[in-house]
Structures are given as structure tokens and as C-alpha cells.
Amino acid sequence: MDFVIIIFLCLAILLYFLLGGADFGAGIIELFTSQKNRSKTRKTMNQAIGPVWEANHMWLIITIVILFVAFPKIYTTMSVYLHIPLAIMLIGIIARGTAFVFRHYDAVKDQMQEVYNKIFIYSSFITPLFLGIIAGSVLSGKIDTQATDFVSAYVYSWLNWFSIAVGLFTVTLCGFLAAIYLIGESKADEDKKRFIKKAEFMNVGAVIFGAMVFTAAYFEDVPLMTWVFQNDVALLAVILASLSLVLLWYLLLKGKTKVLRILAGFQVTMILVAISYAHFPNFIRLKNGDTISLYESIAPIKTVESLGWALVLGSFLILPFLGYLFYKFQQKEE
């Protein structure tokens, strides 16, 4: 049953990045859109994510529950030593959701609408930034469980060039996903062209910040090159990600947009596989050289079995209805 829980954990993280990340990316796209085009972008974005944006946070909740119940050592280490970026990320999620609702349903339309818009777009940038910083921190080897002062324990654990680079890389990936998704939601050719340019912009940014991740990893002794290029599965994932990107832009130039979302999701999935596969089952690297493994930190068998069955049975109850929700709201209005 421990394998079932680990599979659910990996899927929840992946789906939150692909779906919730694209929602964050919509706000990032709006941030980098000119004032004259923001209303058009906002309208398309609302149609795409409005009905389902809250459902996507289900995957984050599942991730937290799995870590809390099945991997308490990992949960405790992250919540203690990374509590600052975690708190900022959660505040960003709350601020973003609140602003998203208020700017649509506030009974009084006044200057507060502009405030809501700014809260939405900036929290859409900050949240994936710190989500990436947290992801980079668990791999960076900067978490010092033996630290004796506040800064060493709770600031340097995440405030380093590698974690920041991963955060910026995450922002551009979210923006890229959102731009690709929004191309399919656009009805006018002018809107499609605008989102194609945004996708190109975010793609270039992902390449730049991806290079920054590897550079920071080299200078901060994170064995990222070894994980990615000296492992057959990880190397294959990199090749497939590159090929899918080439195919994506080829189909885009040909005007075929139906499979772009699948290709973009596949590309990001392969990137995550390339980074994490060789490191698996280790989840956290510590400053003293130790690692916290999923296998070694798992909860007692009775707890694992109960959680595993709850996840399996819950998936049969929730996933069909979630799929139906996406299906209904993705149908175009006549």
C-alpha cells in the first residue's frame, strides 16, 4: 500500500502543477499584458479558469494530507524549516482567490476593482514563485536541522540562488502552460496571435531560467547535472521534452491547436520526471549530507493502509465528477 500512496502523492503534485499552475499562469499572462489588451485577456481567462479554478487546489490539499498522514517526518521538516515560504505561498493562494471572486462579484463597481486586479496578478506571480522556491529548497541541501540561530535555520534554508532560480523557472513554466491553454480558448485570430506571442515569451524565459537553475546548482553543489544527464530515464525524459516542444511549435505554426495542451502538459511532466527520477525516493536533502527518504520516513502500516484505501475509494467517487465538471465547463457556448 505504500506504493499506492507514493503514486497518489506524485500524481497530486503533478496535477496541481499542470492545472493549478496553469491557473496561476493566467494571472502571470495578465501581468505581462498591456493595459489595452488586459480586458480581452481577462475575459478569455475567466471563461477558461473561472468555473474550475478552486477545484484545482484539491490536488494541493491531497498532497498536504498525504505528507501529514503518511510521511510525518517530511511534513514536519518542511513545515518547520520552510515555514516562511510556505506561509507566503498560502497567503498568495488566499489573496489570489479572494481577489478573483471580488473583482467579479463585488456589488459596487468602483476603484476597488483595480485593487482586486493588482492583488490577483501579483499574487498569481508570487504564489508559483514560492512554490518553486519550496521545491528547490527540498533539493538544495541547504536545510540545516542542526542550526542554532533563526537565520541559519529558517532563512538560509530557502533563500539561496538555486531555490530562487527554481522559483523563477516555475513562474515561466506556469505562464507557458497558461498561454498554450488560452490559445485553445480564444475565438478571434487576433487573440490567438497574442497568446502565441505570450507563449513564445514564456518559453524563452523558461530556457533562460532553466539555464540559471543549472548554473546555480553547479555553484551550490546540487548534483542536478548528475541527476538529469547521468541517468537513462531522466535523459530520455529530457529528450522527449525537447521533441514535444519542437512538435508543439510545429503544430502551432500549422494552425493545429487541438493537441497543444496535451503536448504542453507532456513536456512539463517530462521536465519534472527528469529532475526528480534520479533523486527518488529521497525527498529532502539536508545540509549535513543526509537525506529524508519516502520509504524510510513512512508512517506505521495501519496508518498507511487506512490512508491508501481512503485514497483509492475517494478517487472512484471524486475523479468521475471532477472530469464531468471540466467537460461541462469546457463546452463552448453557442
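Biologist: Why does the sulfur of Cys 10 not form a bond with the closest cysteine sulfur?

Modeller: This is a predicted model. In it, the closest cysteine sulfur to that of Cys 10 belongs to Cys 174, at 18 Å. A disulfide needs the two sulfur atoms within 2.5 Å. So the pair is too far for a bond.

Biologist: How do you know how many disulfides to count by this rule?

Modeller: The closest cysteine sulfur to Cys 174 is in Cys 10, again 18 Å away and therefore too far for a bond. The count comes to 0 disulfides.

Biologist: What makes Cys 174 buried or exposed?

Modeller: Its relative accessible area is 1%. Buried means under 20%, so Cys 174 is buried.

Biologist: Why is Cys 10 called partly exposed?

Modeller: Cys 10 has a relative accessible area of 42%. Partly exposed lies between the 20% and 50% limits, so the term fits Cys 10.

Biologist: How do you know whether Ala 70 is buried or exposed?

Modeller: Its relative accessible area is 0%. The limit for buried is under 20%, so Ala 70 is buried. Ala 70 is found in helix α3, residues 58–70. Among the residues it touches are Ile 5, Ile 298 and Leu 307.

Biologist: Which residues make the contact between α8 and α11?

Modeller: The two helix axes come within 13 Å and cross at roughly 35°. The crossing is left-handed. From α8 come Phe 176, Ile 180 and Ile 183; from α11, Leu 245, Leu 248, Trp 249 and Leu 252.

Biologist: What classes do the residues in that contact of α8 with α11 fall into?

Modeller: Leu, Ile, Phe and Trp count as nonpolar. The contact has 7 nonpolar, no polar and no charged residues.

Technical notes
Residues are numbered from 1 along each chain as its sequence is written. This is a predicted model: local features need pLDDT of at least 70, side-chain atom pairs count only at pLDDT 80 or more; totals for chains, interfaces and linings use all residues. Side-chain values use heavy atoms; hydrogens and water are left out. Helices (H or I, at least four residues) and strands (E, at least two) are DSSP runs, numbered from the N terminus. Buried means under 20% relative accessible area, exposed over 50%, partly exposed in between (1.4 Å probe, protein chains only). Contact means heavy atoms within 4.5 Å. Axes are lines fitted to C-alpha atoms, for helices over the stretch in contact, and angles run from 0 to 180 degrees between N-to-C directions. A crossing is left-handed if the near helix is turned anticlockwise from the far one by less than a right angle, and right-handed if clockwise. Lists of a residue's contacts leave out its neighbours within four places in sequence.
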